[in-house]
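Visitor: Please show me the sequence and the model, and then take a few questions on them.

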Amino acid sequence: MAFEDLLEDPVIQKYLHELVGPKGMPVAAAPPDGEVTDEELAEELDLELNDVRRALFILYENDLATYRRLRDEDSGWLTYLWTFEYDNIPENLEDEMYRLHEALEKRREYERNHEFYLCEICSIRFEFGEAMDFGFECPECGSPLESMDNDRLVNAMDDRLDALEDELNLEA
């Protein structure tokens, strides 16, 4: 996938937005060719320097940017020259999908192995033990807690796990 096509993909745009947030998105969405300093980016994008630095370090932590340090011989100041490495995005997204799959499997087992009670007034959910401790009354409003059927939630997780397994070519 060409670099320009990569940034036009809505999934990748969402991924970058989740990483750097709205203030960092201009940095992530407009990577320059070659090396650039954080000050140059801040000036070019008309952003606060701290917002640019935050976005760059998040991209760095996710292997989407690298930097090279230069020390000014006269002043001793360090200059960081940043390069964007967006070739790693597809691999990062795949890793995220594996993490999501694992988390969903754990959550599905939790949902299957516990009994829940719901306060329909406050929309607060309690595990059986908690509900019993409260005498099956909501601690917020005092209304009775009703047994909750979470089959729809478990079925939705099953469907999502099936889709992820298809996408990742995993055996169920």
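Visitor: Leaving aside neighbours within four places in sequence, which residues is histidine 101 in contact with?
Guide: This is a predicted model, where local features need pLDDT of at least 70, side-chain atom pairs count only at pLDDT 80 or more, and totals for chains, interfaces and linings use all residues. Residues are numbered from 1 along each chain as its sequence is written, and side-chain values use heavy atoms, with hydrogens and water left out. Contact means heavy atoms within 4.5 Å. On that basis histidine 101 touches Leu161, Leu164, Glu165 and Leu170.

Visitor: Is histidine 101 buried or exposed?
Guide: Buried means under 20% relative accessible area, exposed over 50%, partly exposed in between (1.4 Å probe, protein chains only). Histidine 101 has a relative accessible area of 8%, so the residue is buried.

Visitor: Which helix holds histidine 101?
Guide: Helices (H or I, at least four residues) and strands (E, at least two) are DSSP runs, numbered from the N terminus. Histidine 101 is found in helix H5.

Visitor: Which element gives the largest share of the largest nonpolar core?
Guide: A nonpolar core is a set of buried Ala, Val, Leu, Ile, Met, Phe, Trp, Tyr and Cys residues joined through side-chain atoms within 4.5 Å. The largest one has 24 residues, with Leu16 and Val20 among those with the most contacts inside it. H3 (38–45), H4 (49–61), strand E2 (78–84) and H5 (89–112) are among the elements that each supply at least two residues. The largest share, eight residues, comes from H2.
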